[in-house]
Amino acid sequence: MEKQKTLLKKVGIGGISLHTGRRAHLALCPAPEDSGIVFARKDLPGSPRVRALVENVVDVRRGTTIASGEGKVHTVEHVLAALSAAGVSNALVEMDGPEPPIADGSAKPYAELVEEAGILVQSADAKISAPQQSMIVEEGDTKLVLFPCDEFRITCIISYGATPLDAQFFSGAISADSFKSEIAPARTFCLYNELEALIKHGLVKGGSLDNAIVMHDGAIISKDEMRFTNELVRHKVLDIVGDMFLIGAGLRAHIVAVKPGHPANIALARKIKEASSPLAKVV
Ligand SMILES: [Zn+2]
């Protein structure tokens, strides 16, 4: 039986936040069995906490936001993806503001942070959700289908028509090793014509070519070489890994995602959670 895991020691990272543009510091700390992943806003009176669970998701525009009482944290998906892939069940994530540092726009710095902390195996059994029947979420062009599977796999297809990339495809099992080498380094991206709306909504204040790839008029604007020829679809897989961790358990299922985004990811996570009894086994 797989056991719960936490971190061996406290580790931290600092940097600019994508949407607020503020400097932020985040620390990953060990946590007791069955406590799950909990974010703590150390900058607010009483350090309010919010557990990383789908029932606490309050916003899915351009990132996943969770809140409980006075505790609210934006853009939790990259840090959650790194913790999920490493099999960390319990961790306290201390923050000094509303949003984690965006770092280079990927989950690589977070995967390295988890590695720096080290893993402590705890004695309680890990919570695993293994849905026994397929599920589907459809929203416009977006389709997410979950199939029963004895491992966590993601198959993803994206297409942005007028870009030279057109369709991108990725399929693979998500393990600690595959996440680190195949998924974590993939950076966030946006479409140039979306930027104006984002800025109008007061978002992406910390956005720059240091932490994002921009697609414009059939071209890719990137400060560095692309890290993978299909880097964009790999980042979509990264976001799915992070969003699915909000079910509060490890997932054993194959998700096939066509043009996914946070709204559909979270809708699927809610379905998985709702179906966890009696159609799925949470062990
Ligand atoms: Zn992302």
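This passage describes helix H1 and its surroundings in a predicted model, followed by three buried residues elsewhere in the chain.

The chain has a mean pLDDT of 92, and 96% of its residues reach 70 or more. Over residues 278–283, by contrast, the pLDDT is below 50. That stretch nevertheless has 15 contacts in the model beyond near neighbours in sequence.

Helix H1 spans residues 77–85 and is mostly covered, with nine of its nine residues buried. These are Glu77, His78, Val79, Leu80, Ala81, Ala82, Leu83, Ser84 and Ala85. The elements against which the buried residues of H1 pack include three strands, namely S3 (23–30), S4 (37–41) and S9 (91–95). Helices H2 (108–117), H3 (176–183) and H5 (231–244) also pack against the buried residues of H1. Just after the helix, Gly87 takes a positive phi of about 75 degrees.

Two of these helix contacts can be described in detail. The axes of H1 and H2 come within 8 Å and cross at roughly 45 degrees. An angle of this kind makes H1 oblique to H2. The crossing of H1 past H2 is right-handed. On the H1 side the contact involves His78, Val79, Ala82 and Leu83, which meet Tyr110, Ala111 and Val114 in H2. By class, six of the residues in the contact of H1 with H2 are nonpolar and one is polar, while no charged residues take part.

With H5, the axis of H1 comes within 7 Å and crosses at roughly 80 degrees. H1 is therefore roughly perpendicular to H5, since angles of 65 to 115 degrees are placed in that class. H1 contributes Glu77, His78, Leu80, Ala81, Ser84 and Ala85 to this contact, and H5 contributes Leu238, Asp239, Val241, Gly242 and Asp243. Sorted by class, the residues in the contact of H1 with H5 are five nonpolar, three polar and three charged. His78 appears in the contact with H2 and also in the contact with H5.

Helix H5 also holds His235. This residue counts as buried because 29 other C-beta atoms lie within 10 Å, where 20 or more are required. Apart from neighbours within four places in sequence, His235 is in contact with Ala186, Arg187, Thr188 and Phe189. From Val54, His235 is 181 residues away in sequence and 20 Å away in space, C-alpha to C-alpha.

Met135 is found in strand S12, which covers residues 135–139. With 20 C-beta neighbours inside 10 Å, Met135 counts as buried, because the class begins at 20. Beyond its neighbours within four places in sequence, Met135 is in contact with Leu146, Leu268, Lys271, Ile272 and Ala275. Met135 and Ile154 are 19 residues apart in sequence, and their C-alpha atoms are 14 Å apart in space.

Val204 lies in a loop, between helix H4 (192–200) and strand S17 (213–216). Val204 is buried, with 21 other C-beta atoms within 10 Å. Setting aside neighbours within four places in sequence, the contacts of Val204 are with Leu18, His19, Leu195, Leu198 and Ile199. Between the C-alpha atoms of Val204 and Met95, which are 109 residues apart along the chain, the separation is 19 Å.

Technical notes
Residues are numbered from 1 along each chain as its sequence is written. This is a predicted model: local features need pLDDT of at least 70, side-chain atom pairs count only at pLDDT 80 or more; totals for chains, interfaces and linings use all residues. pLDDT is the predictor's confidence in each residue, from 0 to 100. Two residues are in contact if their C-beta atoms, placed from the backbone, lie within 7 Å. A residue is buried if 20 or more other C-beta atoms lie within 10 Å of its own, exposed if 12 or fewer, and partly exposed in between; C-beta atoms are placed from the backbone. Helices (H or I, at least four residues) and strands (E, at least two) are DSSP runs, numbered from the N terminus. Axes are lines fitted to C-alpha atoms, for helices over the stretch in contact, and angles run from 0 to 180 degrees between N-to-C directions. Angles under 35 degrees count as roughly parallel, over 145 as roughly antiparallel, 65 to 115 as roughly perpendicular and the rest as oblique. A crossing is left-handed if the near helix is turned anticlockwise from the far one by less than a right angle, and right-handed if clockwise. Ala, Val, Leu, Ile, Met, Phe, Trp, Tyr, Cys and Pro count as nonpolar, Asp, Glu, Lys and Arg as charged, and the others, Gly among them, as polar.
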